[in-house]
Amino acid sequence: MNDWKKTGKRMLAGLLGAVMLQTAVSLPVGSAADVDYNYAKALQYSIYFYDGNMCGTGVSENDQYQWRGDCHTYDAQVPLQPMADNVGTNLSQSFIDEYREILDPDGDGYVDVAGGFHDAGDHVKFGMPENYAASTLGWGYYEFRDSYVKTGQDNHIETILRYFNDYLMKCTFRNADGDVIAHCYQVGDGDIDHSYWNAPEIDSMARPAFFLTEDKPQTDYAVSAAASLAINYLNFKDTDPTYAAESLDYAKALFRFAQTHEKQLSDNADGPKSYYVSSKWEDDYCWAAAWLYKITGDMQYLEEIYPYYDYYAAPCYVYCWNDMWSGVQCILGEISEETPLKEGEHTYPNFIDDFKVAANKSPYEEMNCWNSVEEAINKYMTGGLGTITPAGYFWLNTWGSARYNTAAQLVALVYDKYNNNGQPSKYSEWAKEQMQYLMGNNPMNRAYIVGYSENAAKFPHHRAASGLTKCEDTREQRHVLYGALVGGPDASDQHNDVTADWIYNEVTIDYNAAFVGACAGLYEYFGDDSMQVTPDFPPLEEGGGEEGGGNNYWVEAFAVDNPCSGGAGTTKISMKVMTDSITPRTDVTVRYYFSTEEMKDASLTMVNELYDQAATEAAPADGVITGPFQYDAAFDSNIYYFEVAWDGYTIANSNKKYQCAVGLYYGDQWDASNDWSYQGLPVLTDSEMFGDGNEVKTDYICVYAGGELVGGIEPNGSTPKPAETTTTITTTTTTTVTTTTVSTTSASSETTASQTGTSTSDSNPVFYGDVNLDGKVDLTDAIVMNKYQAKVIVEFTPVQMANANCDITDGTETIDEKDGMALINFVIMLEKELPKRV
């Protein structure tokens, strides 16, 4: 997801490898003998990851999860203006004026780029992985279609392929002659997006749109989209010829745009920034041209390949979004056959001979596309590229090792299709062994496919599935992201199944893409009648309501009592507002009911905010506490309530924490035990205010939407009306978001050392190393520190700054790599205490 993570932060990668050795990762119960090698099931599950990542106005109509709904619907109304404060587009005003009727045919002042798929656990639509995932899913379906049909997954994969390619066509703007004048290759901004941990349905962050044009042609974006659309033609030409023809028409237009404009690498600074840094366009260009020749037999496409074709590149890396060469060699290998495998497609056996002439190569130099692919596979198998782990797993890179492994599998399986009469050779046998490793036959006894088995990874780094307040929360995730291929093991066969660990547990649309095709190929070669898909899938979630999400709202909370001398005191409440609804509501409020029966003067009661996670992480969201208000004098004149409202922010489905206090500090009595909303709450200590997962569900703190009770029980016994009378749809509009960090409240200063013994005590206690303020020092703090140093987290609060100053030997309060290294060394037990001193 983040390219800075791949190139600029090797230190953290090393840290995590060391941490895995030092922290004695527990092995799940089970053994290799218990692993279910079911390629039909794996294929079925693998496709469902994409349901979890659908975006736009068509999610509810096409998605198969009840916990996912329409999101970022305001991508359909991106202001058609040059970008200002992250709102609008990267287009110039002169370009907009010239092509306004094409970009905005209904004249409403907006351009519609809704649809597509979120990149990963985040919600940006990045062009290079989007196009790669679309074309790779299409390639797998093209090569192993029978597997999808036999397992009943053809309709599902076709829904996903349509959603990808419909989006690519929608984002391609053409003039009356059919020529491309603009193509939107990205929606959203990584720096903004990564500041949030929200369900996508309730996001309202700014999402600018980025376009390629004749002034900035960005060849790799144009042709990678063209390739997907060309493959889409092949996959639908026999079942929906009209749709297939439209796909091909757009593919030709996008390729023609790249062909007739200056060849230019995408502007990595404009849109993707450092998240996805494309290093070349030639591989994408040849990938698209090869597919277009295969379809049309038009020699111009092969002639376009010759000047840019890197014959020797395939064995140097693995097929991925930034290196398509082994995929290119496979398709050129298919083209170089004497006759096409499928009727109506085109081959050209003289391709290599013509290339030698065009590239001024010796006619005697031995060249063969399939030989190049075979050389690559042999390198994967023997450690000639990457490394072979002690357990025999092909490992290439820290970031998404499973993504490269399954891509290598797909290439091996395609090779056997064309070079071994469609029968498995040692290459497909190797692919099978690698997939079995990912299914659980590994030293961790862990499947790296979410939901595949009891021993599967359970904590993918994914906002929508987590349902948590932040990724550092270690509790069970609310939803199962079936079929998601997590990042995978490291070179020592180790893995860390933690939501916050975006190295081991990242999930992305490009990670899963070749995995789907590899599952199909393995079923093609090794599937049997014992391998069946899971019926009635995906299972309905308990409490999930009807199709389209649930209708339940509730509060999870705990209390902390702080008595004062003379009988006064306060009660602190930590609460989160929850829902299983996928319909965003921006009018949610919460009421806490308490009794003043023991008081002489109820007007002395005070309420005040202590901490608002929404305001901290999702400004301009701001919870506002008001009251006390009398509830119903006719029912009980002693009952009052305070109310918390987040005007315009969908707090309920973001599950953000809110902490406040009610009571008084002197002059009267305070007793929470007779309060309606206090009953049943766990009563904890001040030090536990800052942990995660302490709240429990309560029916006595009530939730309202538009002033109407939608969750909980009021003191007079009132309960919510039937859901259909309270459900409304709120249209979310684009807002300019400036991410800010508010100072931690005075309650935060009460954080104390619990188990680590790393704090110092003075008038302002500092808990060195507790960077995320959860009351302990562990790997999560090292990750947060790393994000801060990489400027993913823009600002620390004063308390975080004090806690992060782990190396005080330099005599400064600046947080730099020395502090990060001191914290890392403490986490992996090379430092015995913090802060580090000479």
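How many of the 838 residues of the protein count as buried? In this predicted model, the share comes to 60%. The fold is built from 24 helices and 20 strands, and the surface it leaves exposed is about 30300 Å², with carbon and sulfur atoms supplying 47% of that area. Sequence separation tells a story here too: take the contacts between residues at least 6 apart in sequence, and 73% of them turn out to join residues at least 24 apart.

Two helix pairs are worth a look. Helix α6, residues 127–143, and helix α17, residues 401–419, bring their axes within 11 Å of each other and cross at roughly 30°. Angles under 35 degrees count as roughly parallel, and α6 and α17 are therefore roughly parallel to each other. The handedness of their crossing is left-handed. On the α6 side, the residues involved are Thr-136, Trp-139, Tyr-142 and Glu-143, and they meet Leu-410, Val-414, Lys-417 and Tyr-418 from α17. Sorted by class, the residues of this contact come out as 5 nonpolar, 1 polar and 2 charged.

The other pair is made up of helix α3, residues 39–52, and helix α8, residues 154–170; they pack at an angle of about 35° with axes 10 Å apart. The α3 and α8 crossing is left-handed. Here Ile-47, Tyr-48, Tyr-50 and Asp-51 of α3 sit against His-156, Ile-157, Ile-160 and Phe-164 of α8, in contact with them. The tally for the α3 contact with α8 is 6 nonpolar, 1 polar and 1 charged residues.

Back in α17, which residues does Gln-409 touch, once those up to four places away in sequence are set aside? Gln-409 has its place in helix α17, and its partners are Trp-430, Ala-431, Gln-434, Met-435, Leu-438, Ala-518 and Leu-522. Two of these partners, Ala-518 and Leu-522, carry numbers that fall in α20, which spans 509–526. Gln-409 counts as buried because its relative accessibility is 0%, and the cut-off for that label is under 20%.

Among the strands, β13 (residues 636–645) holds Glu-643. Is this charged residue buried or exposed? Glu-643 is buried, since its relative accessible area is 17%. Leaving out neighbours within four places in sequence, Glu-643 has contacts with Thr-589, Val-590 and Arg-591, and also with Val-624, Ile-625 and Thr-626. The latter three fall within the range of strand β12, residues 624–632. Tyr-704 is 61 residues away from Glu-643 in sequence, yet the C-alpha to C-alpha distance between the two is 9.9 Å.

Strand β12 also has something to show in its backbone. Pro-628 has its place in this strand, and the peptide bond joining Gly-627 to Pro-628 is cis, with omega about 5°. Another cis peptide bond links Phe-537 and Pro-538, this time with omega about -5°. Pro-538 is placed in a loop, the one between α20 (509–526) and β8 (549–563).

A pair of loop residues carry positive phi values without being glycine. Asn-86 has phi of about 70° and lies between β1 (78–79) and α5 (93–103), in the loop there. With a relative accessibility of 28%, Asn-86 counts as partly exposed. For Gln-218, phi is near 45°, and its loop runs between β5 (209–212) and α10 (219–236). How accessible is Gln-218, and what is its relative accessible area? The value is 0%, so Gln-218 is buried.

One more loop residue rounds out the picture. Asp-310 is found between α13 (299–305) and α14 (325–335), in the loop that joins them. Asp-310 counts as partly exposed because its relative accessibility is 34%. Its C-alpha atom and that of Val-328 are separated by 9.7 Å, with the two positions 18 residues apart along the chain when counted as sequence separation.

Methods: Residues numbered from 1 in each chain as written. Predicted model: local features only at pLDDT ≥ 70, side-chain atom pairs only at ≥ 80, totals over all residues. Heavy atoms only, no water. Axes fitted to C-alpha atoms, helices over the stretch in contact; angles between N-to-C directions. Helix = DSSP H or I, 4+ residues; strand = E, 2+ residues; numbered from the N terminus. Parallel < 35°, antiparallel > 145°, perpendicular 65-115°, else oblique. Left-handed = near helix turned anticlockwise from the far one by under 90°. Contact = heavy atoms within 4.5 Å. Nonpolar A, V, L, I, M, F, W, Y, C, P; charged D, E, K, R; others polar. Buried < 20%, exposed > 50% of the residue type's maximum accessible area, 1.4 Å probe, protein only. Areas by Shrake-Rupley, 256 points an atom, 1.4 Å probe, with all protein chains shown as cover.
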